[in-house]
Amino acid sequence: MTDDYAIAADLYDYVVPYANRPDVAFYVDAAREAAGPVLEIGCGTGRVLIPTARAGVEIAGLDASPEMLAVCRTRLSVEPPEIQSRATLVHGDMRTFDLGRRFALATIPFRPFQHLLTVEDQLACLQSIHRHLTPDGRLVLDLFNPSIDLLANHPLGVESGHEPEFTAPDGRRVNRCYRTVAQDRFNQIGSHELIYDVTHPDGRQERLVHAFPLRYLFRYEAEHLLARAGFTVEHLYSDYSRSPYGAHYPGELIFVARLQ
Ligand SMILES: C[S@@+](CC[C@H](N)C(=O)[O-])C[C@H]1O[C@@H](n2cnc3c(N)ncnc32)[C@H](O)[C@@H]1O
């Protein structure tokens, strides 16, 4: 499996919309409410995992990217020992992992599930999670709600969504934007690029491109998948304040599901 996140793993935590993403309190609250340990699938650099461990909850993070996990490990290493002791990191694939234990809550924050491009892979992931939950366990599945307008009208190949500039600790100044280069409407897969225009402290300029495909899922499709994998949907939220689905469009698709 290729590590497409490696190209900008060391910049991830400084990207302004990621640093300001309003989901951390939602996940920390869910972890506190779960009476037991948490499994975070696609934990990346620990954006959610570290605040969860700080909140006093035991959490295991699984990720397929050695580079993202390395950033997470470095961040954890400067935390107090009792916080470090609550977090475990595992290199693995969300479709095939076996940790040999069960959790009260599994989460997939910020859409890692959408990196899975086939129904077979999606079911393999949900079934792997199912095997890791206690009988009363819950899964939080976090997807974006595809905007019909953007799907129909967003121009391909055009750089857009320019974000505020940020400066990494090593002095690199970074301007980021994205472009969608293709839309496979038959398989619901967009080919996207996150473009990092980097100015080094010595003035040298460099463009880093994180290219990846992403599959979008519609609400009922996700519900059917969850049912096929043995889950019942308990809640469906459209944002991290737990507004109900339908409160605004397109919003997020945040499922809370329990075992059937
Ligand atoms: C958008 S990042 C989200 C990271 C973190 N959850 C957060 O909220 O900041 C997606 C993460 O999913 C991971 N990922 C992608 N495919 C994966 C797979 N098949 N198995 C495990 N992790 C995967 C990537 O390596 C990356 O760290």
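Two strands are counted as paired if DSSP finds at least two bridges between them, and this is the sense in which, in this predicted model, strand S6 pairs with strand S7 (residues 173-184), antiparallel and over two bridges. Within that pairing, Phe166 stands opposite Val174 in S7. The two strands belong to an open sheet of four strands, ordered S6-S7-S8-S9, in which the pairing is antiparallel. Strand S6 (166-167) and strand S9 (205-215) each have a single partner strand and stand at the edges, so one side of each is left without a neighbour in the sheet.

The model also holds an open sheet of seven strands, whose order is S3-S2-S1-S4-S5-S11-S10 and whose pairing is mixed. Its edges are formed by strand S3 (87-91) and strand S10 (231-237), and because each of these has a single partner strand, one side of each is left without a neighbour in the sheet. On average, and with direction ignored, neighbouring strands of this sheet are turned by 20° against each other.

Both kinds of pairing can be followed in this seven-stranded sheet. S1 and S2 are joined in the parallel sense by four bridges; here Val38 stands opposite Ile59 in S2, and Ile41 stands opposite Leu62 in S2. Strand S5 (residues 133-144) and strand S11 (residues 252-259), in contrast, run antiparallel and are joined by seven bridges, with Val140 standing opposite Val256 in S11.

Where do the side chains of S1 and S2 point? In a regular strand the side chains alternate between the two faces of the sheet. From S1, Val38 and Glu40 point one way while Leu39 and Ile41 point the other way, and all of them are buried. From S2, Ile59, Gly61 and Asp63 point one way, whereas Ala60 and Leu62 point the other way, and again all are buried. S2 is accordingly described as mostly covered, with five of its five residues buried.

Two helices can now be placed against the seven-stranded sheet. Helix H2 (residues 24-33) lies across strand S1 (38-41), strand S4 (103-108), S5, S10 and S11, and runs at about 165° to S4. Helix H6 (residues 119-131) also packs on the sheet, where it touches S1, S4, S5, S10 and S11, and its direction makes about 145° with that of S5.

Within H2, the residues Phe26, Tyr27, Val28, Ala30 and Ala31 are buried, and what covers the buried residues of this helix includes S1, helix H3 (49-54), S4, S5, S10 and S11. Within H6 lies Gln122. Is this residue buried or exposed? Gln122 counts as buried because its relative accessibility is 0%, and the cut-off for that class is under 20%. With its neighbours within four places in sequence left aside, Gln122 is in contact with Phe113, Leu116, Arg215, Leu217 and Leu225.

The largest nonpolar core has 30 residues, of which Phe113, Ile129, Leu139 and Phe231 touch the most other members. At least two residues of this core come from each of S1, strand S2 (59-63), S4, H6, S5, helix H8 (219-228), S10 and S11. Leu139 shows how such contacts are spread: when residues up to four places away in sequence are not counted, Leu139 touches Ala106, Ile108, Leu126, Ile129, Leu133, Leu226, Phe231, Phe255, Val256 and Ala257. Apart from the largest core lies another, of 26 residues, among them Leu49, Ile59, Leu69 and Leu89.

Aromatic rings add a further set of contacts, with seven aromatic pairs in the structure. Phe26 and Tyr27 form one that is edge-to-face, at 5.0 Å centre to centre and with 85° between the planes, and both of these residues are buried. Together with Tyr237 and Tyr240, Phe26 and Tyr27 form one aromatic cluster. Tyr216 and Phe218 form another edge-to-face pair, at 5.8 Å centre to centre and with 90° between the planes. In this pair Tyr216 is buried, because its relative accessible area is 6%, whereas Phe218, at a relative accessible area of 30%, is partly exposed. A ring also meets a charge in this model, since the charged end of Arg21 sits over the ring of Phe110, 3.7 Å from its centre.

Key:
Residues numbered from 1 in each chain as written. Predicted model: local features only at pLDDT ≥ 70, side-chain atom pairs only at ≥ 80, totals over all residues. Heavy atoms only, no water. Axes fitted to C-alpha atoms, helices over the stretch in contact; angles between N-to-C directions. Contact = heavy atoms within 4.5 Å. Phe/Tyr/Trp six-rings, centres within 6.5 Å; stacked < 30°, edge-to-face > 60°. Buried < 20%, exposed > 50% of the residue type's maximum accessible area, 1.4 Å probe, protein only. Lys NZ or Arg CZ within 6 Å of the ring centre and 35° of its normal. Core = buried A, V, L, I, M, F, W, Y, C linked by side-chain atoms within 4.5 Å.
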